[in-house]
Amino acid sequence: MKHTRYYNDLEEYLKKYHPEMADDDEFISTRSELAQETFIECSREGFNLDECQHEVNEVLYSGLHFSLYQLVEDIIEEMNLSFTDKEKFIMQMFFLVKPIAGRYKLGDNFERTSEYDKLYTEISQEINQYIKDYELQ
């Protein structure tokens, strides 16, 4: 099945920043169709190409700008650990810290809030504790 550019763009974005959602075909299809409709509507209203693309991106990536997975990956990268399968470890830690993140109101602008530093610290501590508990260092 051939997918639209918006479908492919969103799928790639999810693989990189929200891998737990990357196989959700219904979500990707719905979002990409809405993005396509947004582009058509913007074109009809006389928006230029850049304006149309801006509106499309707002629809396509709404609620997806903050990435817990990316935060976990950044924390692990800063630790300079060497693993044979770093991606697997990052995913494991991602699922480990999801309950911690669940106590926060994560949204597109979360990184700009004071809560971000608290979450960062909690996740770092949890990962460090896991590494110590399982003697991975």
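## Close-up views of side-chain contacts, helix packing and the largest pocket

**View 1. Asp 9 and Arg 5 stand 4 residues apart in helix α1 (residues 5–17), a separation of about one helical turn.** The structure shown here and in the following views is a predicted model. Across this turn Asp 9 and Arg 5 form a salt bridge, in which the closest N and O atoms are 3.4 Å apart. Because its relative accessible area is 28%, which lies between the 20% limit for buried and the 50% limit for exposed, Asp 9 is described as partly exposed. In the model as a whole the count of salt bridges comes to 5, and the contact between Asp 9 and Arg 5 is one of those shown in these views.

**View 2. A salt bridge joins the side chains of Lys 15 and Glu 12, with 3.6 Å from N to O.** Both residues belong to helix α1, where they are 3 residues apart, or about one turn of the helix. Neither end of this contact is classed as buried or as exposed, because Lys 15 has a relative accessible area of 45% and Glu 12 has a relative accessibility of 47%, and each therefore counts as partly exposed.

**View 3. Lys 86 and Glu 77 form a salt bridge whose closest N and O atoms are 3.6 Å apart.** Lys 86 is partly exposed at 24% relative accessibility, and Glu 77 falls into that class as well, with a value of 38%. Glu 77 is within the residue range of helix α4 (residues 68–78), while Lys 86 is at the start of the range given for α5 (86–101).

**View 4. Aromatic pairs in the model come to a count of 11.** One of them joins Tyr 13 and Tyr 17, whose ring centres are 4.8 Å apart and whose planes meet at 45°, so that the pair is classed as tilted. Both tyrosines lie in helix α1, 4 residues from each other, which is about one turn of the helix. Their surroundings are classed differently, because Tyr 13 has 19% relative accessibility and counts as buried, whereas Tyr 17 has a relative accessible area of 22% and is partly exposed; the class boundary of 20% lies between these two values, so the contrast in class rests on a narrow numerical margin.

**View 5. Phe 94 and Phe 95 form an edge-to-face aromatic pair, with 5.1 Å from centre to centre and 70° between the planes.** Phe 94 is buried at 2% relative accessibility, whereas Phe 95, at 45%, counts as partly exposed. Elsewhere, ring pairs link Phe 66, Tyr 104, Phe 110, Tyr 116 and Tyr 120 into a cluster.

**View 6. Helix α4 (residues 68–78) is largely enclosed by the rest of the structure, because 8 of its 11 residues are buried.** The buried residues are Leu 68, Tyr 69, Gln 70, Leu 71, Val 72, Glu 73, Ile 75 and Ile 76. What covers them includes α1, α5 (86–101) and α6 (114–133).

**View 7. The largest pocket has a volume of about 170 Å³.** Its lining is made up of Tyr 17, His 18, Glu 20, Gly 63, Leu 64, Phe 66, Leu 68, Tyr 69, Phe 94, Lys 98, Leu 106 and Gly 107. The elements that contribute two or more residues to this lining are α4 and α5. Sorted by class, the lining residues are 7 nonpolar, 3 polar and 2 charged. Several of these residues also appear in other views: Tyr 17 takes part in the tilted pair with Tyr 13, Phe 94 in the edge-to-face pair with Phe 95, and Phe 66 in the aromatic cluster, while Leu 68 and Tyr 69 are among the buried residues of α4.

**View 8. Asn 80, just after α4, takes a positive phi of about 50°.** Asn 80 is placed in the loop between α4 and α5, and it is exposed, with a relative accessible area of 70%. A positive phi near 50° in a residue other than glycine is also found at Glu 135, which lies in the segment after α6. Glu 135 likewise counts as exposed, at 70% relative accessibility.

Methods
Residues are numbered from 1 along each chain as its sequence is written. This is a predicted model: local features need pLDDT of at least 70, side-chain atom pairs count only at pLDDT 80 or more; totals for chains, interfaces and linings use all residues. Side-chain values use heavy atoms; hydrogens and water are left out. A salt bridge is a side-chain nitrogen of Lys or Arg within 4 Å of a carboxyl oxygen of Asp or Glu. Buried means under 20% relative accessible area, exposed over 50%, partly exposed in between (1.4 Å probe, protein chains only). Rings of Phe, Tyr and Trp (its six-membered ring) pair if their centres lie within 6.5 Å; planes under 30 degrees apart count as stacked, over 60 as edge-to-face and the rest as tilted. Contact means heavy atoms within 4.5 Å. On a 1 Å grid over the protein atoms alone, a cavity is a set of points where a 1.4 Å probe fits but cannot get out, and a pocket is an open set with protein on both sides within 12 Å along at least five of seven lines; lining residues have an atom within 4 Å of a point. Grid points are joined across faces, edges and corners, and a volume is the space filled by probe spheres set on the points. Ala, Val, Leu, Ile, Met, Phe, Trp, Tyr, Cys and Pro count as nonpolar, Asp, Glu, Lys and Arg as charged, and the others, Gly among them, as polar.
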